[in-house]
Amino acid sequence: MSDERPPAEDAPNEVRETGREPVILRGISTRAWEHPADRGALVALRELRGFDIVLRKLSGMVSERALRLSLLGSSIKVDRHQYSRVHDAYLSVAAVLDAADLPDLYITRNPDLGGMCIGIDKPVIVINSGSLDLLDETELRFLLAHELGHALSGHGLYRTLLMVLLRLTTSVAWIPVGVVGLRVITAALYEWSRKSELSADRAGALAVQDPAAAIRVMAKMAGGGDLRDVDTAAFLEQAKEFETGGDLRDSFLKLLLLETRSHDFAVARAAAVKSWIDEGEYREYLAGAYPRREGDGDASISAEAKAAAKSYKDLFETSGDPLAKLLRKFRDGL
């Protein structure tokens, strides 16, 4: 990156140990946590002047007002009087990510673990009530920061584009452009959505500064929330088995299973966030060497496109997937 990265205020030279107060990442840019493939798309879309205005007009079809009224009428709005524990946790992760203008936060009745960030002009974060039962305090902060990361990156705005284009591809399916062509378009859109989830996972990791908590949340999403008889190290080994196991049939089946998923599988997300932490960028950011918001205007589309391409190339070169191995062997043979 071309950013100048001076040390953060009061930032230590090493990552702080779990249990201590987290490092405040003053002025941190969303580019710090955005996956290269996600960031490349966001930078390109932000360069389309007036594009956000058009999407906001289109969002009238979604009726954001109706959504807000529905939440006000059927969910609980979090503040210092209602779900004060969640409110304090929300303010805590917002302070770490140096976020000032916070989306409204609601708790909705849903026994499943999870949440969502929705809306365009004023995003709203909704957390399932089941998350409060299944997550400890650090894990809850990870989930809140994950959804806040979505909001700060503007994913709500650009996910509207995904929904509009998916509707268009459905409505014009009769046009003789070929079913395969339409599937390629939708697969690409879903691929971006999955990468945006990896971005939000990184935001969560930066906010809680406890890598083990991020892995536990993924394990709870996969296994129902009770980890008393679950070994998270074995869970990560399961991720390796998912990536490398089987033969070419399994490789193609994984591609088919992912084609219309907006979120990657929990084991894959756990492995991805652990890999990002282990590669060192996470520690550099906590030591103060992170991109600042003041440099966002200098972001280059070509540089981000190259970074996105490199991320896919690196993934291909290191993947243990049987199909990737075969393609590398074929390339090397040529």
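## Helix α9 and its surroundings in a predicted model

Helix α10 (residues 232-244) has 13 residues, which at 1.5 Å a residue should span 18 Å; its end C-alpha atoms lie 19 Å apart, in agreement. The expected span is 1.5 Å times one less than the number of residues. Helices here are DSSP runs of H or I with at least four residues, strands are E runs of at least two, and both are numbered from the N terminus.

The model is predicted: local features need pLDDT of at least 70 and side-chain atom pairs pLDDT 80 or more, while totals for chains, interfaces and linings use all residues. Residues are numbered from 1 along each chain as its sequence is written, and side-chain values use heavy atoms, without hydrogens or water.

**The chain as a whole**

The protein chain comes to 15 helices and 4 strands. Of its 334 residues, 46% are buried. Buried means under 20% relative accessible area, exposed means over 50%, and partly exposed lies in between, for a 1.4 Å probe and protein chains only. Among contacts with a separation of 6 or more, 74% join residues 24 or more positions apart. A contact is a pair with heavy atoms within 4.5 Å.

**Helix α10**

Which residues of α10 are buried? They are F235, L236 and A239. They cover an arc of only 100° around the axis, which places them on the same side of α10. The arc is taken from the directions from the helix axis to the C-beta atoms. Their cover includes α9 and α12 (266-279).

Q238 also belongs to α10. Its C-alpha lies 7.1 Å from that of V267, 29 residues away in sequence.

**Helix α9**

α9 has 13 residues and reaches 19 Å from first C-alpha to last, close to the 18 Å expected at 1.5 Å a residue. Its buried residues are A213, A214, I215, V217, M218, A219 and K220. G224 follows the helix with a positive phi near 100°.

I215 sits in α9. Its C-alpha is 7.1 Å from that of T232, 17 residues apart along the chain. Beyond neighbours within four places in sequence, I215 touches T232, F235, L236, A270, V273 and K274.

**Two packings of α9**

Two packed helices are described by the angle between their axes and the distance between the axes. Axes are lines fitted to C-alpha atoms, for helices over the stretch in contact, and angles run from 0 to 180 degrees between N-to-C directions.

How do α9 and α10 pack, and at what angle? The angle is about 70°, with the axes 10 Å apart. α9 and α10 are therefore roughly perpendicular to each other. Angles under 35 degrees count as roughly parallel, over 145 as roughly antiparallel, 65 to 115 as roughly perpendicular, and the rest as oblique. From α9, the residues involved are I215, R216, M218, A219 and A222; from α10, they are T232, F235 and L236. This contact divides into 6 nonpolar residues, 1 polar and 1 charged. Ala, Val, Leu, Ile, Met, Phe, Trp, Tyr, Cys and Pro count as nonpolar, Asp, Glu, Lys and Arg as charged, and the others, Gly among them, as polar.

The other partner is α6. The axes of helix α6 (residues 137-153) and helix α9 (residues 211-223) come within 9 Å and cross at roughly 85°. That makes α6 roughly perpendicular to α9. α6 brings T138, E139 and F142, while α9 brings A213, A214, R216, V217, M218 and K220. The contact of α6 with α9 holds 5 nonpolar residues, 1 polar and 3 charged.

**Loops and helix α4**

D98 has a positive phi of about 55° although it is not a glycine. Q209 likewise is not a glycine and has a positive phi of about 55°.

V86 lies in helix α4. Its C-alpha is 8.8 Å from that of L144, with their positions 58 residues apart along the chain. Leaving aside neighbours within four places in sequence, V86 contacts V78, L105, I107, L132, L140 and L144.

The table sets out place and accessibility for these residues.

| Residue | Place | Relative accessibility | Class |
|---|---|---|---|
| V86 | helix α4 | 1% | buried |
| D98 | loop between α4 (84-96) and β2 (104-108) | 26% | partly exposed |
| Q209 | loop between α8 (179-208) and α9 | 5% | buried |
| I215 | helix α9 | 9% | buried |
| Q238 | helix α10 | 44% | partly exposed |
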